[in-house]
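Subject: The structure we talked about

Hi there,

Here is the structure I promised to send over. Have a look at it first, and then read on for what turned up.

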Number of protein chains: 2
Amino acid sequence: MGENIIINIGRQFGSGGRIIGEKLAEKLGFSFYDKELISIASKESGLGREFFEKADEKTSYGIFGGLLGFRSSVIADEFMNNYLSNETLFKIQSDVIRELAAKSSSVFVGRCADYILRENRQCFNIFVVAPVEDRIERVSQRQKMSRQSVEDLLEKTDKKRSAYYNYYTNKIWGAAESYHLCLDSSFLGIDKSVDLICRIVAERFGKS
Amino acid sequence: MGENIIINIGRQFGSGGRIIGEKLAEKLGFSFYDKELISIASKESGLGREFFEKADEKTSYGIFGGLLGFRSSVIADEFMNNYLSNETLFKIQSDVIRELAAKSSSVFVGRCADYILRENRQCFNIFVVAPVEDRIERVSQRQKMSRQSVEDLLEKTDKKRSAYYNYYTNKIWGAAESYHLCLDSSFLGIDKSVDLICRIVAERFGKS
């Protein structure tokens, strides 16, 4: 891990946390990983290594051998979702996140990356919020739904994120004390928030 | 209130939030009010106006008339603490905070000022945290106590602050979504945190 700078971003649904992460990564020349990218990487790396290697070792794992041809396919997806416990999935994702963090300076969005990488000395853990009206507005722009449905989706998604985070870490999702910086993205707007975070990275890690 | 800029700071005990507020006020040329200053102002203004004026109006309030000579004295203090309900005290403090905010650009530390001044359009609400070890260290430097006593004091004080805030506001103390900015003061250190907040004030309100 050594010299890599790692920015971990937690966020309320619709707060703009993901786009802040993307713009940050672009501006700083860091790699960017959100939930989907971590999930893909886990399927390619984690599932491959942890399960298919086992299948190779032990011929009694005939059923796994049979699955080899389906790597990275829809069936591998189904296998991930149906047959692996959440704990195992979390463990695979954690290994993948650690590997990615060791490879290059990165921005991770979600997936408890702040907790998984807590031993990394150059972590900057951020949580992004926004007033509920702005979040509804942002989500409405990308999804055609009734206002009530958007409100429900906000609440449901944040409940899921909170439950996931609080289960897998020893910290509380969205609590100021769990992060180095929490930011209302509407206070300065997305772009100035990105600038602000870049300045803090420069201050703290000497990278501009 | 109009043009005044108001910075409200909540903070974990021992996080350095108060000193950040003081330095901010000095740097920006703002007035500074912490819990004690608000309390003094409330006694001088609130108690005087709300209670002693009543005593003047109605002669049947003989007992209050007798207290007039004790304004701002130890007995007035006792009167505040023993005979006014917490709700009344909160109301007096709220009036005083609004008056102070209308007078000049200010930094308020604690006392739910962020909530009390929620209608003010130029508010910047901040919450300061720090790792527990740094908070113990900071408190130990100013108070001669055993480590265990300091730990107990941290917990007790933050519980009180949290209960007070959660009771009087519709927000949650220390939750990222209750503030525009939450900051771990150990991440950049006190002085660079002050600089950062000044830059945000300049960005947002055009004041440098």
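Chain A exposes about 10400 Å² of surface, and carbon and sulfur atoms supply 49% of that area. Please keep in mind that this is a predicted model. As for the interior, buried residues account for 51% of the 208 residues in chain A.

The secondary structure of chain A consists of 10 helices and five strands. Contacts also link parts of the sequence that are far from each other: if you take the contacts in chain A between residues at least 6 apart in sequence, 72% of them join residues at least 24 apart.

Next, the two chains. A turn of 180° with a shift of 0.0 Å along the axis lays chain A on chain B, with an RMSD of 0.0 Å. This is the relation of a two-fold axis. Both copies use the same surface, since 100% of the contact residues of chain A recur in chain B.

If you want one element to look at in chain B, I would pick strand E1, which covers residues 6–11. How many of its six residues are buried? Six of the six are, so strand E1 of chain B is largely enclosed by the rest of the structure. Being buried here means having under 20% relative accessible area. The side chains alternate: Ile6(B), Asn8(B) and Gly10(B) point one way from E1(B), while Ile7(B), Ile9(B) and Arg11(B) point the other way, and all are buried. Which strands does E1(B) pair with? One partner is strand E3 of chain B (residues 106–109), which runs parallel to E1(B) and is joined to it by four bridges. Another is strand E4 of chain B (residues 123–129), where the pairing with E1(B) is again in the parallel sense and extends over six bridges. Asn8(B) is a handy landmark for both pairings: Asn8(B) stands opposite Phe108(B) in E3(B) and opposite Asn125(B) in E4(B).

One last detail concerns the backbone. In chain A, Arg111(A) has a phi near 60°, a positive value in a residue other than glycine. You will find Arg111(A) in the loop between strand E3 (106–109) and helix H6 (113–116) of chain A. In chain B, phi of Arg111(B) is also near 60°, again positive and again in a residue other than glycine. Arg111(B) sits in the loop between E3 and helix H6 (113–116) of chain B.

Happy to talk it through whenever suits you.

Best wishes

Terms used:
Residues numbered from 1 in each chain as written. Chains lettered and ligands numbered in written order. Predicted model: local features only at pLDDT ≥ 70, side-chain atom pairs only at ≥ 80, totals over all residues. Heavy atoms only, no water. Helix = DSSP H or I, 4+ residues; strand = E, 2+ residues; numbered from the N terminus. Buried < 20%, exposed > 50% of the residue type's maximum accessible area, 1.4 Å probe, protein only. Contact = heavy atoms within 4.5 Å. Areas by Shrake-Rupley, 256 points an atom, 1.4 Å probe, with all protein chains shown as cover. Least-squares fit on C-alpha atoms with pLDDT ≥ 70 in both. Pairing = 2+ DSSP bridges.
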